[in-house]
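I opened the notebook on this chain today, and I am writing down what I looked up in the order in which I looked it up.

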Amino acid sequence: MVTTITGARYLAEFVLPCDEDGVLIRDGAVDVDADGRIRYVGTADAAPEDASRVPHRLPGLLMPGLVNTHCHSPMTVLRGQGEGLPLLRWLAEVIWPREALMTEDDVFWGMTLASAEMLRYGVTTSCEMYFRNEALAAAVQASGARCLITPAIVQAPWPWLGSLDEQLDRVVRFGDTHHEPAGRVRVGIAAHSAYTVPEPYLRQVAEVAQDRDRLLHLHVAETEHEGAEVSARHGGASVPRVLADLGVFRARVLAAHAVWLSDADIALLAEHEVAVAHCPGSNAKLGSGVARLGDLLAAGVTVGLGTDGPASNNDLDLWEEMRLATLLARLRAHDPTAVGARRALELATRCGAAALGLPDIGVLEPGRFADMVHVDVADPAFVPVVEDADLVAHLVFAAPRTAVRDVWVAGRQVVADGVCVTVDTDEARARVQQAAVRLARGV
Ligand SMILES: [Zn+2]
């Protein structure tokens with residue numbers, strides 16, 4: 001039967017859907033409908049006949065867009081600032097004073113530049129925890145990126161932040177007005193962490209998340225001693241145990257970092273289906289530790305990859321996170337089979353989408369959105385390919401992020417031949433540069 005829906009047909013040398021079977025399709029086709037969803041994925045030979053589809057021939061590999069499950073992307077404005085300071089001095093002397101001065105405009109341009117960077121290198125979705133979320137959402141709407149915004153409540157000394165009650169009110173209202181269930185901008189909710197948000201508010205945020213079926217995003221066990229005070233108040237119980245006892249894990253929870261976990265903590269996360277945003281680059285840069293990725297996966301915990309903010313990474317490169325995730329997991333286990341290349345790719349795509357509770361992205365398959373990346377396999381990093389698995393290993397261990405040539409979000413092309421076409425990157429760079437100099441002067 002010939003369909004009448006007008007759409008596109010992408011023909012590629014390789015299609016890597018990143019599905020559960022790890023299939024690689026040679027001489028593949030992906031049909032995308034006018035509504036931005038995928039209609040067909042398979043070999044070009046078996047594709048349904050449809051003369052109305054506009055064919056696009058891509059020399060290389062087509063795969064799903066990458067999913068960055070934990071970031072504070074507007075911090076492009078603070079990238080590299082205070083380099084080399086110990087964590088608490090870095091926060092107290094450099095980051096917090098500047099964040100206190102950040103305006104709506106700063107967040108807008110910081111997020112705009114971040115969107116341009118992520119899209120350019122194939123990251124089509126990010127999960128954001130930041131403030132001034134109206135500006136953040138406006139930037140994402142304009143850039144064409146996909147975003148799960150999780151506005152956070154946090155106890156911090158910035159006057160404009162308001163009391164925790166006011167913050168809670170604001171983040172709930174933001175979700176109710178900006179959440180688009182099947183749109184590019186979706187909204188969760190966040191409490192920064194158990195050590196920066198008092199328990200009654202952790203409970204309330206969890207109730208809101210449960211009532212509205214929104215993702216609840218928290219920093220959990222990032223550094224070795226951050227939870228000491230919380231644990232002491234609860235007879236030595238670990239932070240995950242305290243959160244479970246408070247009822248926080250009754251919501252759909254995404255735990256960012258999750259570095260310092262005991263066996264019992266990992267079992268607890270698995271039992272409550274808490275997902276983890278694994279941030280190996282940031283954890284290494286801040287000297288926080290190496291998360292127990294292999295053990296989390298063995299326990300059945302859903303894990304995605306995150307860059308964390310560009311002030312502590314210092315980029316938004318999920319290819320690097322894939323590589324670090326496998327390398328550090330193998331180093332930690334002294335075992336080269338600990339986390340495979342295919343698994344790393346899944347963490348950055350399908351599993352990341354699952355960690356965010358977004359079942360309509362992360363895999364190239366009919367019904368999901370056409371968030372896609374075209375990778376140029378003519379790059380020397382892709383030679384040789386003797387077996388199909390070589391291609392996956394090259395993607396994870398050898399490919400430079402510049403091998404990304406074209407990117408689509410919900411079928412709309414946002415990067416063409418290595419250039420982000422939805423953002424005026426020169427203007428964004430200039431605006432972020434100006435803002436950074438102003439904030440460094442303390443005005
Ligand atoms: Zn973070």
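In which loop is Asp 213 found? I located Asp 213 in the loop between H5 and S11, bearing in mind throughout that this is a predicted model.

**Entry 1: Asp 213**

I noted that Asp 213, just after H5, takes a positive phi of about 55°. I then asked whether Asp 213 is buried or exposed. I found 11 other C-beta atoms within 10 Å of Asp 213, and because a residue with 12 or fewer counts as exposed, Asp 213 is exposed. I also looked up a partner distant in sequence: Gly 357 lies 144 residues away along the chain, with 10.0 Å between its C-alpha and that of Asp 213.

**Entry 2: helix H5**

I went back along the chain to H5, which runs over residues 199–212. Its 14 residues reach 20 Å from the first C-alpha to the last, close to the 20 Å expected at 1.5 Å a residue. I listed Leu 202, Val 205, Ala 206 and Ala 209 as the buried residues of H5. They share the same side of H5, because the arc they cover around the axis is only 100°. On the face turned away from that buried side I recorded the exposed residues Pro 200 and Asp 211. I next looked up what the buried residues of H5 pack against, and I wrote down strands S8 (152–153), S10 (189–193), S11 (215–220) and S12 (252–257), together with helix H7 (239–246).

**Entry 3: helix H4**

I repeated the exercise for H4 (residues 164–178), whose 15 residues reach 21 Å between the first and last C-alpha, close to the 21 Å expected. Which residues of H4 are buried? I found Gln 167, Val 171, Val 172 and Gly 175, and these fall on the same side of H4 because they cover an arc of only 130° around the axis. On the other side of H4, I noted Asp 165, Glu 166, Arg 173, Asp 176 and Thr 177 as exposed. The cover over the buried residues of H4 includes H5, along with S8, S9 (185–187) and S10.

**Entry 4: Glu 273**

I looked up a second loop residue, Glu 273, which is found between helix H8 (263–271) and strand S13 (275–278). Glu 273 counts as exposed because it has 12 C-beta neighbours inside 10 Å. Arg 252 is 21 residues from Glu 273 in sequence, and I recorded 7.6 Å between the two, C-alpha to C-alpha.

**Entry 5: the two domains**

I took the bounds from the domain assignment, which gives domain 1 as 7–64 + 372–409 and domain 2 as 66–355. The centres of the two domains, taken over C-alpha atoms, are separated by 30 Å. I found 14 residues of domain 1 in contact with 20 residues of domain 2. On the side of domain 1 that touches domain 2, helix H14 (388–397) and strand S16 (404–409) each supply at least two residues, and the largest share, five residues, comes from H14. I sorted the residues of that side into twelve nonpolar, one polar and one charged.

**Entry 6: the whole chain**

I finished with the chain as a whole, in which there are 15 helices and 18 strands. Its radius of gyration is 21 Å, which agrees with the value near 22 Å that a compact globule of 443 residues would have. The C-alpha trace spans about 65 × 45 × 40 Å along its principal axes. I noted that 53% of the 443 residues count as buried.

Notes. Residues are numbered from 1 along each chain as its sequence is written. This is a predicted model: local features need pLDDT of at least 70, side-chain atom pairs count only at pLDDT 80 or more; totals for chains, interfaces and linings use all residues. Helices (H or I, at least four residues) and strands (E, at least two) are DSSP runs, numbered from the N terminus. The expected span of a helix is 1.5 Å times one less than its number of residues. A residue is buried if 20 or more other C-beta atoms lie within 10 Å of its own, exposed if 12 or fewer, and partly exposed in between; C-beta atoms are placed from the backbone. The arc is that of the directions from the helix axis to the C-beta atoms. Two residues are in contact if their C-beta atoms, placed from the backbone, lie within 7 Å. Domain bounds come from an automatic or database domain assignment. Ala, Val, Leu, Ile, Met, Phe, Trp, Tyr, Cys and Pro count as nonpolar, Asp, Glu, Lys and Arg as charged, and the others, Gly among them, as polar. The radius of gyration is taken over C-alpha atoms; the globule rule is 2.2 Å times the number of residues to the power 0.38.
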